[in-house]
Amino acid sequence: AQSGTVAADPQQYDQAYLSPVTIGNSQLMLDFDTGSADLWAFSNETPASESVGHAKYDSSTGTELQGYSWSITYGDQSGAAGNVYADKVVVGGVTATKQAVEAATSISTSFSDNTDSDGLLGLAFSSINTVTPKQQTTFFDTVKPTLAKALFTCDLKQGNAGSYTFGYIDTSKYTGSVTYVPVDDSQGFWSFTAGGYSVGSDNATSGSVGVSIADTGTSLLYLPAAVAKAYYAKAGGKFDNQQGGYTLPCNGNAPDFNVAIGGKTFVVPGSYIAYAPITSGSQTCFGGIQANTGIGFNIFGDVFLKAVYAIFDVSQGAPRLGFAAQ
Ligand SMILES: CCNC(=O)c1c(-c2ccccc2)csc1NC(=O)CNCCc1c[nH]c2ccccc12
């Protein structure tokens with residue numbers, strides 16, 4: 001049975017985390033994304049003008065799936081599209097001998113401009129994979145039957161290398177016990193329900209955060225508008241139309257955000273929420289907590305996930321998420 005681990009290296013401001021992946025004879029840095037289900041990469045089929053500075057998948061090692069294609073658009077209006085190959089994919093020693101690899105023939109500028117990232121490796125449920133005419137499986141679903149345990153874990157860190165594991169739980173990566181919560185995979189996401197919250201030291205958790213997804217592919221923590229408002233009222237932040245979100249002082253006094261999941265309280269340090277100066281050198285930071293307006297659910301992105309050890313587990317049949325303090 002297979003198991004393995006791979007580094008997750010943070011970009012500036014932890015905007016995304018990149019991991020080394022071998023596809024055929026190509027070595028690429030991919031953004032592991034539990035919020036989508038396509039494995040796509042810059043390739044020899046990507047126009048040279050769109051792939052400057054990127055490593056590319058050389059599809060000559062793969063077997064083209066004739067007549068298959070893919071096209072994905074994310075909520076931030078970025079996206080990509082292209083053709084599909086079956087090829088060998090290796091992540092941290094775990095091998096998928098015939099994995100659907102989506103070679104990009106067109107890519108939006110936000111991905112072309114981010115030269116650290118050579119593509120995405122989707123880890124959401126395969127039910128939202130975009131390949132037509134026949135939907136393909138994610139890397140995790142492809143290797144799942146061969147894994148020692150049908151699970152993967154995510155240990156992201158602020159400003160430091162973290163890791164993903166496949167097939168085993170690294171008990172040295174967390175403290176205390178793991179709290180498991182049920183996952184509703186009906187929309188293709190790792191969706192769970194978060195409970196009450198509090199800001200700073202006041203432990204009177206109030207309200208209920210509600211339906212949320214665990215999403216390594218999204219940088220920030222998107223919460224109900226009322227929760228975001230309550231946080232910034234305590235943090236001395238404000239909604240800045242020009243910035244398109246809440247901002248707050250970078251001065252290191254941002255209060256922690258506490259949220260109950262499965263009856264256990266998890267703490268997002270205030271230092272994670274003073275996310276990044278709005279312009280370099282500014283004393284005003286863009287907030288790591290934003291309102292989920294227009295999304296329809298909460299997104300527990302990297303700002304939250306780097307505060308915990310997360311276990312994405314289908315070993316019990318029904319999918320579940322495990323969280324532990326790190
Ligand atoms: C901001 C990216 N996140 C989203 O759009 C998103 C939304 C979403 C939907 C509507 C409006 C805003 C967000 C729901 S689930 C969800 N999560 C994903 O879509 C996960 N994949 C993100 C891939 C991605 C999009 N833009 C990037 C820029 C850098 C690195 C990764 C990315």
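T216 is buried in this predicted model, with a relative accessible area of 2%. The residue belongs to the loop that links strand 14 (210-214) to strand 15 (221-223). Its partner in space comes from far along the chain: 182 residues of sequence separate T216 from T34, yet their C-alpha atoms are 5.3 Å apart.

The ligand is a good place to turn next. A shell of 17 residues surrounds the ligand, and the closest of them are D33, G75, D76, D215 and T218. Sorted by class, this shell is made up of 7 nonpolar, 6 polar and 4 charged residues. As for the site itself, the ligand takes up the space of the largest pocket.

Three side chains place a polar atom beside nitrogen atoms of the ligand. For D76, the distance from a polar side-chain atom to a ligand nitrogen is 2.6 Å. For T218, a polar side-chain atom lies 2.9 Å from a nitrogen atom of the ligand. For S78, the corresponding distance between a polar side-chain atom and a ligand nitrogen is 3.2 Å. The ligand taken alone would expose 640 Å², and the protein buries 81% of that area. D76 and T218 thus appear twice in this description, as they are also listed among the closest residues of the shell.

Away from the ligand, the loop between strand 1 (4-10) and strand 2 (17-23) deserves a look, and Y13 is one of its residues. Y13 is not a glycine, but its phi is positive, at about 60 degrees. D14 is found in the loop between strand 1 and strand 2 as well, and D14, again not a glycine, has a positive phi of about 55 degrees. How do the two residues fare in terms of exposure, buried or partly exposed? Y13 has a relative accessibility of 36%, so it counts as partly exposed. D14 has a relative accessibility of 5%, which is under the 20% cut-off, and therefore counts as buried. The side chain of D14 also takes part in a polar contact of 2.7 Å with the side chain of K306.

A further loop of interest runs between strand 8 (119-122) and helix 2 (139-143), and P133 is part of it. Here the backbone has a cis peptide bond, leading from T132 to P133, with omega near 5 degrees. S126 is placed in the loop between strand 8 and helix 2 too. With a relative accessible area of 11%, S126 falls under the 20% limit and so is buried. S126 can also be set against Q15: the two are 111 residues apart in sequence, and their C-alpha atoms are 25 Å apart in space.

Definitions and conventions:
Residues numbered from 1 in each chain as written. Predicted model: local features only at pLDDT ≥ 70, side-chain atom pairs only at ≥ 80, totals over all residues. Heavy atoms only, no water. Near = heavy atom within 4 Å. Polar contact = N/O pair within 3.5 Å; in protein donor to acceptor, adjacent residues only side chain to side chain. Areas by Shrake-Rupley, 256 points an atom, 1.4 Å probe, with all protein chains shown as cover. 1 Å grid on protein atoms, 1.4 Å probe; cavity = no way out; pocket = protein on both sides within 12 Å on 5 of 7 lines; lining within 4 Å. Sits in = over half its atoms within 2 Å of the grid points. Nonpolar A, V, L, I, M, F, W, Y, C, P; charged D, E, K, R; others polar. Helix = DSSP H or I, 4+ residues; strand = E, 2+ residues; numbered from the N terminus. Buried < 20%, exposed > 50% of the residue type's maximum accessible area, 1.4 Å probe, protein only.
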